Amino acid sequence: MAAGGKKPKTATTTAAKKQKSKHFTPELLSLISAATSAAQSFLLHNDIDLLPSQILSLESLFSSLSSHFPSLPPSLPTYASFFPSFLSTFSSPSDLQWLRFFRMSHHTFSHLLSLLFPVLSSYAALAATLFRLSHGASHKSLARRFGFPSSADACRVFYTVCKGINEKLGNLVDFRDNLGRIVLPNCCGVLGFGSFGVEGELLGKNGSLLVQALVDSEGRFLDISAGWPSTVRPESVLHQSKLFSGVEESREFLNGPAYELGDGNLIPQYILGDSCFPLLPWLITPYMRSNEEDSFGSAEKEFNAVHSRAMGLVGAALGSVKARWQLLGKKWKEECV
């Protein structure tokens, strides 16, 4: 179920690899075996001092060697003491190791765990989930590193924690509570889309899941509507979102005072939206040409230039999310949708 997982091995593939290994002399296989054992021992005793990317690269190399050379030492043993050692060694809130491994400080980690209680009370479960999100680690790697009985158990833990985060913390992103962050006069955010790739044909060729995101001038998320198939039109996503109902139906959003310009004209609260959205009284999209022969005047060009720069906030915010949580940058298997 892992994102970016490999195809299962076939009997023919395994037999071919065994046949290939026979071409190596016993002396060479002995040297490879000794080098592999030494490297595994080094990793086992120094993994806390290495970067996560280095650790995962070495683990991937060992796994590849084991599949090609069955006579080599078995794959890495379980790191039964990794997380306790990590906690005792890097418990200081200011230690950069917490940021390297889990993309957050020890203080933030502890606060997150307290917010998830009683749905989640396990340090190791939360740490494993954050490690996988941060570095794209496989469930097999999580099982070894955090002491889960199997890859399947690590998979269940990962999705249980993600489900708990959605259920317990989803209400922390509240449009009404964040309007004070906007610095542009009466512009209450920039609305756009991000996509997350999905393998297979379930959502069509190059299919993906869409996220409608409203961000402020600092790239912070004010409203999120996630999980939409790329086959759904952006306008349909908008009309089914909490943001749209909060503006058009309940009137609880964008109901603040108007901003008075120097000439006395009043500007109500509004949102800037991408060109894929409909133009609405509160959703301002760029000027569009109805045909190729049309041309924009200087005012329209200037407006579109400013609008385009603002829309870049959405892409930058979603880009930061994928950079921080690298698992989201991988393609997901159909069964994970």
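# A guided tour from helix α8 to the sheet

Begin by selecting helix α8: its buried residues are His 139, Ser 141, Leu 142, Ala 143, Arg 144, Arg 145 and Phe 146. The model on the screen is a predicted one. Seven of the eight residues of α8 are buried, so this helix is largely enclosed by the rest of the structure. Buried here means a relative accessible area under 20%.

**Stop 1: the end of α8**

Move to Gly 147, just after α8. The phi angle of this glycine is positive, at about 80 degrees.

**Stop 2: α8 and α7**

Keep α8 (residues 139-146) selected and add helix α7, residues 123-135. The two helices pack at an angle of about 140 degrees, and their axes lie 10 Å apart. How should an angle of this kind be described? Angles over 145 degrees count as roughly antiparallel, and 65 to 115 degrees as roughly perpendicular, with the remaining range between these two called oblique; α7 and α8 are therefore oblique to each other. The crossing of α7 past α8 is right-handed. To see which side chains meet, display Ala 124, Ala 127, Ala 128, Phe 131 and Arg 132 on α7, together with His 139, Leu 142, Arg 145 and Phe 146 on α8. Sorted by class, this contact holds six nonpolar residues, one polar residue and two charged residues.

**Stop 3: α8 and α3**

Next, hide α7 and select helix α3, which covers residues 52-68. Helices α3 and α8 pack at about 110 degrees, with 12 Å between their axes. They are therefore roughly perpendicular to each other. On the α3 side, the contact is made by Ile 55, Leu 56, Glu 59 and Ser 63; on the α8 side, by Lys 140, Ser 141, Arg 144 and Arg 145. How many of the residues in the contact of α3 with α8 are charged? The count is four, beside two nonpolar and two polar residues.

**Stop 4: α6 and α9**

Clear the selection and choose helix α6 (residues 106-116) with helix α9 (residues 151-169). Their axes come within 10 Å and cross at roughly 75 degrees. The helices α6 and α9 are therefore roughly perpendicular to each other. Show Leu 112, Leu 115 and Leu 116 in α6, which meet Gly 164, Ile 165, Lys 168 and Leu 169 in α9. The contact of α6 with α9 contains five nonpolar residues, one polar residue and one charged residue.

**Stop 5: the loops on either side of α6**

Select Phe 117 and Pro 118, which are joined by a cis peptide bond with omega of about 5 degrees. Pro 118 belongs to the loop between α6 and α7. Then go to Arg 103, in the loop between α5 (96-102) and α6. Arg 103 is not a glycine, yet its phi is positive, near 60 degrees.

**Stop 6: the sheet**

Now turn to the strands. In what order do the five strands of the open sheet lie? The order is β3-β2-β1-β6-β7, and the pairing is mixed. Strands β3 (221-229) and β7 (283-284) form the edges, each pairing on one side only. Strands of a sheet pair through backbone hydrogen bonds, either parallel or antiparallel.

Select strand β1 (residues 187-197) and strand β2 (residues 208-215), which pair in the antiparallel sense over eight bridges. Within this pair, Phe 193 has Gln 212 of β2 as its bridge partner. Between β1 and β6, by contrast, the pairing is parallel and runs over three bridges. Center the view on Val 190: this residue stands opposite Val 215 in β2 and opposite Leu 272 in β6.

Is β1 enclosed or open to the surroundings? Eight of its 11 residues are buried, so β1 is largely enclosed by the rest of the structure.

**Stop 7: Arg 251**

Finish at Arg 251, in the loop between α11 (242-248) and β4 (259-260). Although Arg 251 is not a glycine, its phi is positive, at about 60 degrees. Is this residue buried or exposed? Arg 251 is exposed, because its relative accessible area is 53%, and the cut-off for exposed is over 50%.

Conventions. Residues are numbered from 1 along each chain as its sequence is written. This is a predicted model: local features need pLDDT of at least 70, side-chain atom pairs count only at pLDDT 80 or more; totals for chains, interfaces and linings use all residues. Side-chain values use heavy atoms; hydrogens and water are left out. Axes are lines fitted to C-alpha atoms, for helices over the stretch in contact, and angles run from 0 to 180 degrees between N-to-C directions. Helices (H or I, at least four residues) and strands (E, at least two) are DSSP runs, numbered from the N terminus. Angles under 35 degrees count as roughly parallel, over 145 as roughly antiparallel, 65 to 115 as roughly perpendicular and the rest as oblique. A crossing is left-handed if the near helix is turned anticlockwise from the far one by less than a right angle, and right-handed if clockwise. Contact means heavy atoms within 4.5 Å. Ala, Val, Leu, Ile, Met, Phe, Trp, Tyr, Cys and Pro count as nonpolar, Asp, Glu, Lys and Arg as charged, and the others, Gly among them, as polar. Two strands pair if DSSP finds at least two bridges between them. Buried means under 20% relative accessible area, exposed over 50%, partly exposed in between (1.4 Å probe, protein chains only).
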